[in-house]
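Ready to practise reading a protein model? Grab a pencil and keep the structure open beside you.

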Amino acid sequence: MNTAVQQKNSDLVWDLDKLHQHQRAIAFIQQFENRFCVFSTSVRQLYTNYSIFFPEEANRQMVILPDPYAFHDTFSHLNRDAVHSTGLHVIPGNLIGKQGLYLVISHKDKKVRSVPIPFQEGIRQILRRSNTDDPFLPVLMKGDLREFNEKLPCLHLHRLRLSELHSLSNLERDGIRSVITDKLMRLYQESGSLNLH
């Protein structure tokens, strides 16, 4: 099954070779399984229902397996330009001597220091914008599982802009907004139990 996924869509096979703390990265990403949607640029699809798999035969790889029985949970024909890098990262609190998860923006200009905010508070601020004309809809893409300052694993968030999904109907755009917003609401409610290891 792994090779079938690989041949069809390499965006769903994430290489974890560059991560120094491999086991920690696995434990970190597993907390977010099915909590953020995953976007594939090569097939222009957004997966809202999937599992994360670490095949033993493939050294240091992570495979995202969309649920084959939930084809209605996959949105197709999204233009690649609608997904933007944000510089927003989910980091474990112990990177900054705290408990729980935090959100931090990494600036290209290293002199600009961003103040980490507690994850739950950050999600609450994102949710506040969910019914505006320009909601902040976080999604993951291949390469978003990284290491922060080459120390601990972190998760970079991309942003899907509804206004740039020109090929989709209003109904499809609303469907995407509500799936991502529902996931964020659940994540907000459950965020206190994340990153306890």
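Below are five exercises, each with a worked solution.

A quick word before you start: this is a predicted model, in which local features need pLDDT of at least 70, side-chain atom pairs count only at pLDDT 80 or more, and totals for chains, interfaces and linings use all residues. Residues are numbered from 1 along each chain as its sequence is written, and side-chain values use heavy atoms, with hydrogens and water left out.

**Exercise 1. Cysteines**

Find out how many disulfides the structure holds, and explain why C37 is not bonded to C154.

Solution.
- Start with the idea: a disulfide is a covalent bond between the sulfur atoms of two cysteines. The test used here is a pair of cysteine sulfur atoms within 2.5 Å.
- Apply the test, and you get zero disulfides.
- Now look at C37: its closest cysteine sulfur belongs to C154 and sits 20 Å away, which is too far for a bond.
- Turn it around for C154: this residue is in no disulfide either, and its nearest cysteine sulfur is that of C37.
- Finally, check the surroundings. Buried means under 20% relative accessible area, exposed means over 50%, and partly exposed is in between (1.4 Å probe, protein chains only). C37 has 1% relative accessibility, so it is buried; C154 has 2%, so it is buried too.

**Exercise 2. Two helices meeting**

Describe how helix α3 and helix α4 cross, and work out what kinds of residues make their contact.

Solution.
- Locate the helices first. Helices (H or I, at least four residues) and strands (E, at least two) are DSSP runs, numbered from the N terminus. Here α3 covers residues 119-128 and α4 covers residues 170-190.
- Next, take the axes, which are lines fitted to C-alpha atoms (for helices over the stretch in contact), with angles from 0 to 180 degrees between N-to-C directions. The two axes come within 9 Å and cross at roughly 150°.
- Name the arrangement. Angles under 35 degrees count as roughly parallel, over 145 as roughly antiparallel, 65 to 115 as roughly perpendicular and the rest as oblique. So α3 and α4 are roughly antiparallel to each other.
- Add the handedness: the crossing of α3 and α4 is left-handed, meaning that the near helix is turned anticlockwise from the far one by less than a right angle (clockwise would be right-handed).
- List who touches whom, with contact meaning heavy atoms within 4.5 Å. From α3 you have F119, Q120, I123, R124, I126 and L127, and from α4 there are T181, L184, M185, L187 and Y188.
- Sort them. Ala, Val, Leu, Ile, Met, Phe, Trp, Tyr, Cys and Pro count as nonpolar, Asp, Glu, Lys and Arg as charged, and the others, Gly among them, as polar. The contact of α3 with α4 has eight nonpolar, two polar and one charged.

**Exercise 3. Unusual phi angles**

Say where R44 lies, and what is notable about its phi; then do the job again for H77.

Solution.
- Keep the background in mind: most residues other than glycine have a negative phi.
- R44 is not a glycine, yet its phi is positive, at about 55°. You'll find R44 in the loop between β2 (37-40) and β3 (45-47), partly exposed at 28% relative accessibility.
- H77 also has a positive phi, near 65°. Its loop runs between β6 (74-75) and β7 (83-92), and H77 is exposed, with a relative accessible area of 54%.

**Exercise 4. Loop residues**

Decide whether K18 is buried or exposed, and do likewise for L12.

Solution.
- K18 belongs to the loop between β1 (13-15) and α2 (22-30). Its relative accessible area is 76%, so K18 is exposed.
- L12 is in the loop between α1 (2-8) and β1. With a relative accessible area of 4%, L12 is buried.

**Exercise 5. Sequence and space**

Compare the separation of Q125 and M185 along the chain with their distance in space.

Solution.
- Q125 is part of helix α3, and it is partly exposed at 37%.
- Count along the sequence: Q125 and M185 are 60 residues apart.
- Go C-alpha to C-alpha in space, and the distance between Q125 and M185 is 11 Å.
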